[in-house]
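User: I'd like to go through this model and check what stands behind each label. Can you show it first?

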Amino acid sequence: MTDLVALYRTMVRIRAFEDAAEIASQGGVQAWGLSTTAKPALVRGPLHLSTGQEAIPAGVCAHLRASDLLTSTHRGHGHTLAKGADSTRMMCELFGRATGYNKGKGGSMHIADFSVGMLGANGVVAAGLPIAVGAAHALRLRKVDAIAVAFFGDGAINRGPFLEALNWAVVYELPVLFVCEDNLISATTVSAPMTAGRGATPRAEALDIPSTRVNGNDVEAVDAAASALVAEVRAGRGPRLLHALTYRHKGHVSVDPGSYRDPEEVRAALERDPIRRARGRLEALGRLREAEQVELQAAEEIAAALAAAEAAPAPSASDAYEDVISTGAGVWA
């Protein structure tokens, strides 16, 4: 089992990053009714925040090695941080700076850091699933002692790549862990009325993939479940699925007020906040001072990341022609 303070550190770092990014993005999306005279946002365009879901990446990634591979979703800041990515380079990417992970070209939904096994966030729902399975197949063919992990939301299970990915993983007994972050809503629509059956778990089990359902707001429960499942995948027992029930505190994007949700439902979810729960547990264990120190360190880290991102240079116009694979169609005009 992972030390609770270590898990708490990951969750608090993610929350601090998300909160700072949310503030930096305000005023950047006119489509949501903001004034045309609003101060230009430091982060242009919408951000898909994972606020409230921090226990899942913290509990899962605690059991991953740098050599393990991971795919994410459009809501991937937490996964990326938990896998070991640098918060400053991440913030620079959100700001569109040349010093970002993708030189400012990827932005929030396409951050990748191959050095820590993070294969990339993905703006297409369910697209990370077959990528993770392909990566797992490559690990098998190359006889590499590592596994792949695919994070996805509950909305992804209604898309074709979910079935394709799980089927391929079972047929070839691949070392991949599927992690469903079930936050009960797909963009702005409640998932349940759109989803036949009982969700991700029975669908995985129908393909003979053992599945574990867990309270995704309890980081210790996620940690315990992930520990067992990762060990089974590493042992060559084939794919596994972790179905973690959680709740997204924010709207679909950073400037979406989420007015389509019942305020009482949101209030109840905030009472189940995974960070609040873990902090209470640490206090009960007499470790509140450690928790407070973790919070201070996270605040300082993200403040430094914000300052570095704001001061970092923007890409030059010529950078648009770099990192582009030629199609043989001739010189770009």
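Analyst: Here are the overall figures, followed by some individual residues and one helix.

Analyst: This is a predicted model, where local features need pLDDT of at least 70 and side-chain atom pairs count only at pLDDT 80 or more, while totals for chains, interfaces and linings use all residues. Residues are numbered from 1 along each chain as its sequence is written, and side-chain values use heavy atoms, with hydrogens and water left out.

User: What makes a stretch count as one of the helices or strands of the protein, and how many are there?

Analyst: Both are DSSP runs numbered from the N terminus: H or I over at least four residues for a helix, E over at least two for a strand. That gives eleven helices and seven strands in the protein.

User: How do you know whether the radius of gyration agrees with a compact globule?

Analyst: The radius is taken over C-alpha atoms, and the globule rule is 2.2 Å times the number of residues to the power 0.38. For 333 residues the rule lands near 20 Å, and the protein has 20 Å, so the two agree. The C-alpha trace spans about 60 × 55 × 40 Å along its principal axes.

User: Why is Ser72 called buried or exposed?

Analyst: Buried means under 20% relative accessible area, exposed means over 50%, and partly exposed is in between (1.4 Å probe, protein chains only). Ser72 has 1% relative accessibility, so it counts as buried. Across the protein, buried residues make up 50% of the 333 residues.

User: What does Ser72 touch, and what makes that a contact?

Analyst: Contact means heavy atoms within 4.5 Å. Leaving out residues up to four places away in sequence, Ser72 touches His79, Met118, Gly120, Ala121, Asn122, Gly128 and Phe151. Ser72 sits in the loop between strand E1 (69-71) and helix H3 (77-82). For the protein, 74% of contacts between residues at least 6 apart in sequence join residues at least 24 apart.

User: Why is the Ser72 and His79 pair called a polar contact?

Analyst: A polar contact is a pair of N or O atoms within 3.5 Å; within protein, one must be able to donate a hydrogen and the other to accept it, and residues adjacent in sequence count only if both atoms are side-chain atoms. The side chains of Ser72 and His79 make one at 2.6 Å, so the pair falls within the cut-off.

User: Which polar contacts does the side chain of Ser191 make?

Analyst: One goes to the side chain of Asp154 at 2.4 Å, and another joins Ser191 to the side chain of Ser186 at 2.8 Å. Ser191 is in the loop between strand E5 (189-190) and helix H7 (200-206), while Ser186 lies in strand E4 (residues 185-186). Asp154 is also among the residues in contact with Ser186.

User: How do you know whether Ser191 and Ser186 are buried or exposed?

Analyst: Ser191 is at 5% relative accessibility and so counts as buried. Ser186 has a relative accessible area of 18%, which means it is buried too.

User: What makes Leu288 partly exposed?

Analyst: Leu288 has a relative accessible area of 22%, so it counts as partly exposed. Leu288 is in helix H11, and leaving aside neighbours within four places, it is in contact with Arg279, Leu282 and Glu283.

User: Why is H4 called mostly covered?

Analyst: Six of the eight residues of H4 are buried: Ser87, Met90, Met91, Cys92, Glu93 and Leu94. These buried residues pack against helix H1 (4-25), H3 and helix H11 (288-311).

User: What caps the N-terminal end of H4, and what comes just after the helix?

Analyst: Asp86 is the cap, with a side-chain oxygen 3.2 Å from the backbone nitrogen of Thr88. Just after H4, Gly96 takes a positive phi of about 75°.

User: Which residues other than glycine have a positive phi?

Analyst: Lys103 is one of them, with phi near 60°, and Glu173 is another, at about 50°. Lys103 lies in the loop between helix H4 (87-94) and helix H5 (128-142), and at 35% relative accessibility it counts as partly exposed. Glu173 is in the loop between helix H6 (160-171) and strand E3 (176-182).
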